[in-house]
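Let's take a walk through this structure together, beginning with how some of its helices pack. Have the coordinates open as you read.

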Amino acid sequence: MTVSSSLDERFRDAAAAEGLLDVAYDLADTPVGTLLVAASGQGLCRISFDPEPEREIDRLAHAFGARVLRASRPLDDVRRQLDEYFDEKRTSFELAVDLSPAADFTRQVLTRLAKVPHGQLTTYGALAKAAGRPRAARAVGTVMNRNPIPIVLPCHRVVGANGDLVGYGGGLDRKRLLLSLEGALLDERT
Amino acid sequence: MKADVSTGHFRRARGQSPRALKPAPQAVPPFERFYEEHREEILRYLRGLLPREAAEDAWQETFLRALRAYSSLRHGRHLRAWVFTIAHRVAIDDVRKRRPQATLPEWAAEDSRPAYAELADLTRDLPPKERVAVVLRYGYDLDYDQIGEVLESSNVAARQAASSGVRRLRKEHR
């Protein structure tokens, strides 16, 4: 006897509505691929370019608690804002984020990163300086690489001092795509 | 990582530094995994006990209760018996709501014919407790400790209920 999808969804909705979850996650289809998006009671806590939940839910459970469940309702707003962003109808996200598992320095850097505006580039060094650690450009690079909430926390807007794209946790193709979507890259063909 | 040896979540081997603490092999899994592993068999179990709609409500209530209690679990052992226990209690609550005198729900016949379904039919005339013990033992392969938990009694009582159920069946089907 299989659990029908309507019964399954009814349970997932009820679990979320009752506030019983440490983390709700769902998938979101975007031009940069299917993303896994997750929210705690405090806010958005994860966007992963790897949409395979098997690998992600253990990490989420470890960081936020074992009550991790796929549930679409709590992610409705996140999905809507992502859609608007990719449709070029939104240039900033209005979403609470939960960075509670991050170390202090990481949180400081990510909080500064959140203020880098749509379509503008900054450098690892400038971000280090803004976070009060001017010599920590390399450490900032590491923080970018492990950014738990890419796209919304726009690590794709951070490039090397010479304008080199350097790297991206989701792969350089995605970084290029996000930056051209925002009009931040000069079309290389012209 | 904080070492909380008392909860049994982490085991410390002799001479290891706290850094080397490893999660116990039976850590509580993310709820999603627990849910996916047990949702089908719990629905089957409840469908054996209750009419369709009541079974589906009881199924949802079972997993909501499990979720409410999930943070207080200290390890991931016996999760299967644990969720069967919850399901059984939810079913009893449901039956009592409708028939205040009832102690255990009676098993309904099943649509499909795997072992637990054959057993549901075969055991129809057994006393309720023996029937639950026989079906959980031979239909779902729970051990007597687990069945004891479901029946809220000891493993000895569970074993007795199952064996007297089996004896009764032998007599009836001779």
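## Helix packing in chain B

In this predicted model, six residues of α1(B), namely F34(B), H38(B), I42(B), Y45(B), L46(B) and L49(B), meet L79(B), R80(B), V83(B), F84(B), A87(B) and A91(B) of α3(B). Sorted by class, the residues of this contact are 10 nonpolar, one polar and one charged. The two axes come within 10 Å and cross at roughly 35°, and the crossing of α1(B) with α3(B) is right-handed.

Two packed helices are described by the angle between their axes and the distance between the axes. Here is that description for three helix pairs of chain B.

| Helix pair | Axis distance | Crossing angle |
|---|---|---|
| α1(B) and α3(B) | within 10 Å | roughly 35° |
| α1(B) and α2(B) | 9 Å | about 145° |
| α2(B) and α3(B) | within 9 Å | roughly 130° |

Next comes the pair α1(B) and α2(B), whose axes are 9 Å apart and pack at an angle of about 145°. α1(B) passes α2(B) in a right-handed crossing. From α1(B), the contact uses F31(B), Y35(B), I42(B), L43(B), L46(B), R47(B) and L49(B), while α2(B) brings R52(B), A55(B), A58(B), W59(B), T62(B), F63(B), L67(B) and Y70(B). The contact of α1(B) with α2(B) has 12 nonpolar, one polar and two charged residues.

That leaves α2(B), residues 52–70, and α3(B), residues 79–98, with axes that come within 9 Å and cross at roughly 130°. Because of that angle, α2(B) counts as oblique to α3(B). Their crossing is right-handed. On the α2(B) side, A54(B), A58(B), E61(B), T62(B), R65(B) and A66(B) make the contact; on the α3(B) side, V83(B), I86(B), A87(B), V90(B), A91(B) and D94(B) do so. In terms of class, the contact of α2(B) with α3(B) has eight nonpolar, one polar and three charged residues.

Some residues turn up in two of these contacts. I42(B), for one, is listed in the contact of α1(B) with α3(B) and again in that of α1(B) with α2(B). A58(B) of α2(B) appears in the contact with α1(B) and in the one with α3(B). Likewise, V83(B) of α3(B) takes part in the contact with α1(B) and in the contact with α2(B).

## Chain B as a whole

Stepping back, chain B contains seven helices and two strands. Read from the N terminus, its elements follow the order β-β-α-α-α-α-α-α-α. Of the 174 residues in chain B, 36% are buried. If we take the contacts in chain B between residues at least 6 apart in sequence, 53% of them join residues at least 24 apart.

One residue to look up is E36(B), which is found in helix α1 (residues 31–49) of chain B. Is E36(B) buried or partly exposed? E36(B) counts as partly exposed because it has 14 C-beta neighbours inside 10 Å. The C-alpha atoms of E36(B) and Y144(B) are separated by 24 Å, and the two residues are 108 apart along the chain.

## Chain A: domains and loops

Chain A is divided into domain 1 (5–86) and domain 2 (104–181). Their C-alpha centres lie 24 Å apart. Seven residues from domain 1 and nine residues from domain 2 make the contact. The side of domain 1 that touches domain 2 has six nonpolar residues, no polar ones and one charged.

Two loop residues of chain A are worth a look for their backbone angles. E88(A) sits in the loop between α3 (76–86) and α4 (104–113), and its phi is near 60°, a positive value in a residue other than glycine. E88(A) is exposed, as it has 10 other C-beta atoms within 10 Å. V166(A) lies in the loop between β6 (158–159) and α7 (172–181). Phi of V166(A) is near 65°, again a positive value in a residue other than glycine. With 17 C-beta neighbours inside 10 Å, V166(A) counts as partly exposed.

## Where the chains meet

Finally, the contact between the chains takes 19 residues from chain A and 20 residues from chain B. On the chain A side, α1 (5–17), α2 (53–64) and β4 (68–70) each supply at least two residues. Which element of chain A gives the most to this side? That is α1(A), with five residues. By class, the side of chain A that touches chain B divides into 12 nonpolar, two polar and five charged residues.

Key
Residues are numbered from 1 along each chain as its sequence is written. Chains are lettered from A and ligands numbered from 1 in the order in which they are written. This is a predicted model: local features need pLDDT of at least 70, side-chain atom pairs count only at pLDDT 80 or more; totals for chains, interfaces and linings use all residues. Axes are lines fitted to C-alpha atoms, for helices over the stretch in contact, and angles run from 0 to 180 degrees between N-to-C directions. Helices (H or I, at least four residues) and strands (E, at least two) are DSSP runs, numbered from the N terminus. Angles under 35 degrees count as roughly parallel, over 145 as roughly antiparallel, 65 to 115 as roughly perpendicular and the rest as oblique. A crossing is left-handed if the near helix is turned anticlockwise from the far one by less than a right angle, and right-handed if clockwise. Two residues are in contact if their C-beta atoms, placed from the backbone, lie within 7 Å. Ala, Val, Leu, Ile, Met, Phe, Trp, Tyr, Cys and Pro count as nonpolar, Asp, Glu, Lys and Arg as charged, and the others, Gly among them, as polar. Domain bounds come from an automatic or database domain assignment. A residue is buried if 20 or more other C-beta atoms lie within 10 Å of its own, exposed if 12 or fewer, and partly exposed in between; C-beta atoms are placed from the backbone.
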